[in-house]
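Trainee: Could we go through this structure together, step by step, with each term explained as it comes up?

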Amino acid sequence: MDAYILSLTIFVAINVALALSLNLISGFCGQISLGHAAFYGTGAYVSAILSVSGVPFAVSFVAGGIAAGILGFLVGLASLRVREDFLAITTMGVNFLFVGFVRKQGWLGGEIGITAIPKPMSDAGMATLAWILVAATAFLLVAIRRSWLGTGFTMIAQDEQAATSLGLNVGRFKLAAFVMGTAAAGMAGVIYAHVAQLIVPDAFGFVVSISILAMVVVGGIGSIFGVILGAVLLTLLPELARFANDYKLLIFGALMVAVMLISPGGLAGAFQRLRAR
Amino acid sequence: MFHLELLTVGLIQGAMYAMMALGLTLIYGLLRILHIAHAALFTLGAYAGVLAANAGLGLLPAAIVAVAIGGIAGPLVYVAIYRPLLDKPPYVALIASIGLLIALEDGFRLVFGPYGLSFDNNPWFITGWMIGGIYLNAVQAAIAVTAILSIAAFTWFARRTRAGVAWRATVTDPAMARTFGVEPDRVRIMSFAIASMLAAVAGVLIGLLNNLVEPTMGSIIAYKGLAIIVLGGLGNVPGTLVAALLLGVAESFGQTYLDQVLDRDAIAFLVLIVVLMVRPQGLFGKAG
């Protein structure tokens, strides 16, 4: 396979994994997070630091996921204190804080970031790993949807107060959603760091969080198939149409507005309505 | 003396935040929408101002043009984007608002170029005075004066005019206001007009202060503005004004003393997260 196509498939897989993991938090459990890139970045930075200092890839992979999950747990604790609009702003704050902190840390490379991250395997190997992560995340989401955990998430997403009064331990469910979703985002970050071999703070900024959110809402928040479709389309769109690359943010932004106005359920919602006819 | 200077710079920055946050909190109080795209109107105002000024108008007429354009564009955003989404869950309007900001910012970049525009003639930028040992230029003075005047005018409007009473009634109880003959939609349009005029004038002033108008000049303010209205206790006008000034001062001190650890723009969010964990309803919000 052509090297360009191969690296493209890796980036598609990374974005699908990110979108699916955000979908678990925001779609399934209804906790709108505007800071997903912070967890993606935590995985990338932790694993990059470890790999550069000679730790084997398998260890840095797991460590990246765990570190992101721990940060996700902390932000999940915040979601027990603040809700809805307040939570959205808090998660946005976490993203700005992450970038603002990393940028000033000499030991994390500051503005220049971390370079010369060793590549643990061939591009084909990394692509396989990335798609295994996608498959595992998708499988996790399907399994959750069919389990009591998924029912609990849906109840919280629809009416948190009602879920509490029915005796559901809302806090535990939210924490579970945050930890699983952010750990998966962290692993996506590990793969990104070891494919790009170079990471800078801006690669994990608020715009990235919004791009991930755009993939989720364009695909259809809460839908597994829709979100995969949304992530693939929005990643490929700027690549397929070269002219579109210059207008990437314009297109992303306009799509987000258009989808919200026309079909808040995204592509998945539109398909469902067509089928119902 | 150095601290006094930091305080002054912080208060002026805070005054600018106050002008932006006042509009955001007005809209939140009325519609429960986090109007992130407010910053696009700030940038639009700045572009209108710099283009009008460079076309040969004086600075004051250019600012008036900018305010007029803001006053028209704001209600258009409400009618085109928010009004159709009012009965949807809150995240729908939030995502549409973020999308609108990103699209408009990219639009500004495509139309006016990525490097931004400067004022050909910016006399306020180079005029300044030493007051009590602190140097203040005319733009900084103008920001302070404009903020005080516009907030005073807003308070007068809300307390003393018919339209202001209708606005307060709609915030408190839209259904009851309607039975007294207040048309909520007209109140909303009016609020968007007022908020956007404030954003536009803030945009012109910041354009003058930096002598640069660029496509992304609003993005940091967009997000910080939200942090401020949350700190102030969403929808609480006096709380928002205090939070804006506090943040301005916290930033100017933080930039000096925390620069080794944290980016200036992250300070707002550090304060925000710490406050929210202690008081989830914000500094001045009502509990429950």
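Trainee: How much area is buried between chain B and chain A?

Mentor: The size of an interface is often given as the accessible area lost when the parts come together. Here buried area is the accessible area, taken with a 1.4 Å probe, that two parts lose on being put together, summed over both. Carbon and sulfur atoms give 78% of the area between chain B and chain A, and the whole comes to about 3600 Å².

Trainee: Which residues of chain B lose the most area to chain A?

Mentor: Three residues together account for 15% of what the side of chain B buries, and they are Tyr91(B), Ile95(B) and Met277(B). Keep in mind that this is a predicted model, in which local features need pLDDT of at least 70 and side-chain atom pairs count only at pLDDT 80 or more, while totals for chains, interfaces and linings use all residues. Residues are numbered from 1 along each chain as its sequence is written, chains are lettered from A in the order in which they are written, and side-chain values use heavy atoms, with hydrogens and water left out. The names you asked for are therefore Tyr91(B), Ile95(B) and Met277(B).

Trainee: How many residues of chain B are in contact with chain A?

Mentor: Contact means heavy atoms within 4.5 Å. By that rule, 37 residues of chain A are met from the side of chain B by 45 residues.

Trainee: How many salt bridges does the rule find across this interface?

Mentor: A salt bridge is a side-chain nitrogen of Lys or Arg within 4 Å of a carboxyl oxygen of Asp or Glu. The whole structure holds eight of them over all chains, but across the interface of chain B and chain A the number is zero.

Trainee: How far apart in sequence are the parts tied together by Asp202(A) and Arg103(A)?

Mentor: These two form a salt bridge whose closest N and O atoms are 2.5 Å apart. Asp202(A) lies in the loop between helices H8 and H9 of chain A, and Arg103(A) in the loop between H4 and H5 (helices are DSSP runs of H or I, at least four residues, numbered from the N terminus). The pair therefore ties together parts whose separation in sequence is 99 residues.

How values were computed: Helix = DSSP H or I, 4+ residues; strand = E, 2+ residues; numbered from the N terminus.
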